[in-house]
Amino acid sequence: MKLPRKVVLGLIGYDGHPEEILRPLADFPDVELAAVADAGSDARAIESTLRNQFARKARRYADYREMLNREHLDCVAICNHNGGRAQAILTCAERKLNLIAEKPFALNRGDLDSVIRAVETHRIHAGMLLPMRFDPPYLAMKQIVESGEIGEVGQIDAQKSYQLDTRPDWQKHTATYGSTILWIGIHMIDLMSFTSGRRFTQAASFQGHVAFPELGDMQNVTATVFRLDNGGTATLRMDYLRPASVKGHGDDRLRLAGSKGIVEYREETGVTVLGPSGKRVVNGLPPAGSVFADFLRSTYLGEKPALSWQEIVRANQWTMAAQEASESGRVIAIR
């Protein structure tokens, strides 16, 4: 990708998925990773990140505020732990720095509203790491819905099931993790709307912790039900109970049932469609995209983003409503 000028980038933290920023840097010769800030990341995350050639060559800071004071940056990628993300976004926004951040933007409604207000007040470009909507199966599902092949979507079912593996310490504490709905639920909440074209109007949720005392505060089972804007329903179930003996870290599934048919994605079967003429497997999926490339194109080339600011705001607000529903035990209306 050729940009009109050099873009000087800083990285705050190595928690979550900094590889979404670091991995494609070789494809962006006009982006210079000038500095990185540890931002409290643990030793394993630091070691893993600094294996990347671009991160290894960048100037390194312990405190991201010092990095922002010393460096002349155009853009910041924010990948610190969930509890510190809202403040990092606010700090960058106040300096009028474009940013792309890990999700979620915040762990409570007040901080989320402050982040949204800061981005819009300072008129910066802000992206979020929702890379799954750039994956070929979900792009194909979106195209199938938009073609009218399965009609109007009235029921959505989604699943995320992960192996537990070894969890970093920040994920074991509510103050730094938030919740499993906030951390991984936002991926599928975004995908359910992205592929179906539907929006959410109400949410009800439960989440809890079964066995595995070493997880601390981290929930390993969740269930959320949404009402769709056309009167339909959507369900999302998530767990960290996938056995380590099974091949593959995760088992993501998405099923959209419409008035004319059903489209479904599972890794072992691919994208399949059930319609009036029977069942078919969808071949020739669209090419994969990149959430970071999409952010750069929209920010510095003026192209229409595949992941817009409005969609980022909605994904955060819908996920926050699901979290509030789990905390309150009530059905939460989504504004």
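Here are some short exercises on this predicted model, each with a worked solution.

**Exercise 1. Classify the aromatic pair formed by W170 and W183, and say where its two members sit.**

Let's start with the wider picture: searching the whole structure turns up nine aromatic pairs. One of them is W170 with W183, and its ring centres are 5.4 Å apart with 85 degrees between the planes. Planes over 60 degrees apart count as edge-to-face, so that is the label for W170 and W183.

Next, place the two residues. W170 is in the loop between β7 (153-163) and α8 (174-177), while W183 belongs to helix α9 (residues 180-196). They are 13 residues apart, and the pair links distant parts of the chain.

Last step: are they buried or exposed? The cut-off for buried is under 20% relative accessible area. W170 comes in at 9%, so W170 is buried. W183 has 4%, so W183 is buried too.

**Exercise 2. Do the same for F292 and F295, then find the cluster they belong to.**

Begin with the geometry. The ring centres are 6.4 Å apart and the planes make an angle of 15 degrees. Since planes under 30 degrees apart count as stacked, F292 and F295 are a stacked pair.

Now look at the backbone. Both residues lie in helix α10 (residues 291-300), three residues apart, which is about one turn of the helix.

Then check accessibility. F292 has a relative accessible area of 0%, so F292 is buried. F295 has 5% and is buried as well.

To finish, bring in F28: together with F292 and F295, F28 forms one aromatic cluster.

**Exercise 3. Which lysines lie over the faces of W183 and F194?**

Take W183 to begin with. K103 lies over the face of this ring, 3.4 Å from the ring centre.

Then move to F194. Here K142 lies over the face, at 4.7 Å from the ring centre.

**Exercise 4. Work out the strand order of the six-stranded open sheet and identify its edges.**

Trace across the sheet and you get β3-β2-β1-β4-β5-β6, with parallel pairing. The edge strands are β3 (59-61) and β6 (126-128). Each has a single partner strand, so one side of each is left without a neighbour in the sheet. From one strand to the next, the twist averages 20 degrees.

Now zoom in on β1 (residues 7-12) and β4 (residues 75-78). These strands run parallel and are joined by four bridges. If you want a landmark, find L11, which stands opposite A77 in β4.

**Exercise 5. Find the partners of β7, and decide how enclosed β7 is.**

One partner is β11, which pairs with β7 in the antiparallel sense over nine bridges. Along this pairing, A158 stands opposite L254 in β11.

Another partner is β10 (residues 233-242), joined to β7 by eight bridges and running parallel to it. Here Q159 stands opposite R237 in β10.

As for burial, eight of the eleven residues of β7 are buried, so β7 is largely enclosed by the rest of the structure.

**Exercise 6. Find the partners of β8.**

β8 (residues 200-208) runs antiparallel to β9 (residues 221-228), with eight bridges between them. S205 stands opposite T224 in β9.

β8 also runs antiparallel to β15 (residues 332-333), this time with two bridges. On that side, A203 stands opposite I332 in β15.

**Exercise 7. Describe the largest pocket: how much space does it hold, and what lines it?**

The space comes to about 1100 Å³. The lining is made up of 40 residues, and those nearest the centre of the pocket are G16, H17, E19, W183 and H249.

Sort the lining by element next. Those giving two or more residues are α1 (19-22), α2 (43-49), β7, α9 and β11 (250-258). The top contributor is α2, with four residues.

Finally, go back to W183. This residue is in helix α9, pairs edge-to-face with W170 and has K103 over its ring face. For a sense of scale, W183 and V281 are 98 residues apart in sequence and 32 Å apart in space, C-alpha to C-alpha.

Definitions and conventions:
Residues numbered from 1 in each chain as written. Predicted model: local features only at pLDDT ≥ 70, side-chain atom pairs only at ≥ 80, totals over all residues. Heavy atoms only, no water. Phe/Tyr/Trp six-rings, centres within 6.5 Å; stacked < 30°, edge-to-face > 60°. Buried < 20%, exposed > 50% of the residue type's maximum accessible area, 1.4 Å probe, protein only. Lys NZ or Arg CZ within 6 Å of the ring centre and 35° of its normal. Pairing = 2+ DSSP bridges. Axes fitted to C-alpha atoms, helices over the stretch in contact; angles between N-to-C directions. 1 Å grid on protein atoms, 1.4 Å probe; cavity = no way out; pocket = protein on both sides within 12 Å on 5 of 7 lines; lining within 4 Å. Points joined across faces, edges and corners; volume = space filled by probe spheres on them.
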